[in-house]
Amino acid sequence: MKLLATGAAGFIGANFVHYTMRNHPEFEVVVLDALTYAGNQESLKPVADQIEFVHGDICDAELVDKLVADVDVVVHFAAESHVDNSLHDPEPFVRTNLVGTFTLLEAVRKHGARLHHISTDEVFGDLDLHGDDQFTEDTPYDPSSPYSATKAGSDLLVRAWARSFDIHATMSNCANNYGPYQHVEKFIPRQITNVFTGARPKLYGQGENVREWTHVDDHNEAVHLILSKGKPGETYLIGSGDERANKEILELTLELLGEPADAYDHVPDRPGHDLRYSNDSTKIRTQLGWEPKYGDFRAGLQATIDWYRENEWWWGPQKAATEARYSQLGR
């Protein structure tokens, strides 16, 4: 089986390639990535001799058509994905997330490849901060940022192509991921690398916003289960069930790094900051048999800290430019 992974020089996609090489040798993997600031070919360095890498844009219809014509399966990770950047400049999000997904769908429709589309629980908006309700596969979309709005749009395109053109597509919406190879602009690696570089970690507002954290390897195991057992046209929510406030995450990170729990600064909250996310992952657990391996978040976070400590060669070159962008945004 030949598999095309779009955007797989990014965080989740690169980890998907590593996971596939370790656990699913039946797949021959081709990676398509534009290598924008969030894509890093170095993330694929350990498996570079086992895969085919194509430097290109998901919006390049000719290139995408050529690649899809030669594969059996497409896993679509390619997306602009950082909320703060979408608030600063929405245009790349519209182009990549909407036009890019449309371009891929047309190639899949033409050549009959199997498609799995990776999405986010942020398309559903947010939940009451102190409630116990959860998102389900039937929750209406209510995105609150240009990022989540364009991801919602890409999801709807996939659903429409599956219904109107009968393409063989599945989709998953996952909770927040953490683990190796995540860009230092993201919440957990930013705090870890701030400590490593002697800077103080930053917390939006009072840090009360709650997220459900899933290790990236657990997410990618779920994706492979969907590829092998998922039903065409179906959507699956993926989540560990472990919900924590941002303040709790930051203070645990500082504890594991041997720093005082209050050694951080508060910065202005982002506009429209979602309060809480929580996924009801009953469907994928009962129908496909998925269970997260990283049930202990503390252990998973410690392993993530250790990875960043041992791999400054990977994140170091990103750090200065990332903090310069945050400085411009006042965050």
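Helices (H or I, at least four residues) and strands (E, at least two) are DSSP runs, numbered from the N terminus. You'll need that all the way through. This is a predicted model: local features need pLDDT of at least 70, side-chain atom pairs count only at pLDDT 80 or more, and totals for chains, interfaces and linings use all residues. Residues are numbered from 1 along each chain as its sequence is written, and side-chain values use heavy atoms, with hydrogens and water left out.

**Exercise 1. Find what follows helix 6, and say what surrounds this helix.**

Step 1: Go to the end of helix 6. Next comes G198, and its phi is positive, near 85°.

Step 2: Check burial (buried means under 20% relative accessible area, exposed over 50%, partly exposed in between; 1.4 Å probe, protein chains only). Helix 6 spans residues 187–196, and 8 of its 10 residues are buried, so the rest of the structure largely encloses it. Among the buried ones are I188, R190 and V195.

Step 3: Look for packing partners, where contact means heavy atoms within 4.5 Å. The buried residues of helix 6 pack against elements including strand 7 (176–178), strand 9 (210–215) and helix 11 (312–329).

**Exercise 2. Work out the strand order of the open sheet and what packs on it.**

Step 1: Two strands pair if DSSP finds at least two bridges between them. With that rule, you get an open sheet of 7 strands in the order 3-2-1-4-5-6-10, with parallel pairing.

Step 2: Now look at the edges. Strand 3 (52–55) and strand 10 (235–238) each have a single partner strand, so one side of each has no neighbour in the sheet.

Step 3: For angles, axes are lines fitted to C-alpha atoms, for helices over the stretch in contact, and angles run from 0 to 180 degrees between N-to-C directions. Ignoring direction, neighbouring strands of this sheet are turned by 20° against each other on average.

Step 4: Add a helix. Helix 1 (residues 11–23) packs on the sheet and touches strand 1 (2–6), strand 2 (28–33) and strand 4, and its direction makes about 175° with that of strand 2.

**Exercise 3. Decide which faces of strand 1 are covered, then trace the chain from strand 1 to strand 2.**

Step 1: Take the faces in turn. K2, L4 and T6 on one side are buried, and so are L3 and A5 on the other, which covers both faces.

Step 2: Look at the neighbours. Strand 1 runs parallel to strand 4, joined by 4 bridges, and L4 has V74 as its bridge partner there. Another 5 bridges join strand 1 to strand 2, also parallel, and there A5 is partnered by V31.

Step 3: Follow the chain from strand 1 through helix 1 to strand 2: this β-α-β crossover is right-handed. In other words, with the strands pointing away from the viewer, the path from the first strand over the helix to the second runs clockwise.

**Exercise 4. Pick out salt bridges and say what they link.**

Step 1: The rule is a side-chain nitrogen of Lys or Arg within 4 Å of a carboxyl oxygen of Asp or Glu. The whole structure has 22 of these.

Step 2: Try K2 and E28, whose side chains meet at 4.0 Å, N to O. K2 is in strand 1 and E28 in strand 2, so the pair ties together parts 26 residues apart in sequence. K2, E28 and D70 are linked in a network of salt bridges.

Step 3: Try K247 and E251, with closest N and O atoms 2.8 Å apart. Both lie in helix 8, 4 residues apart, about one turn of the helix.
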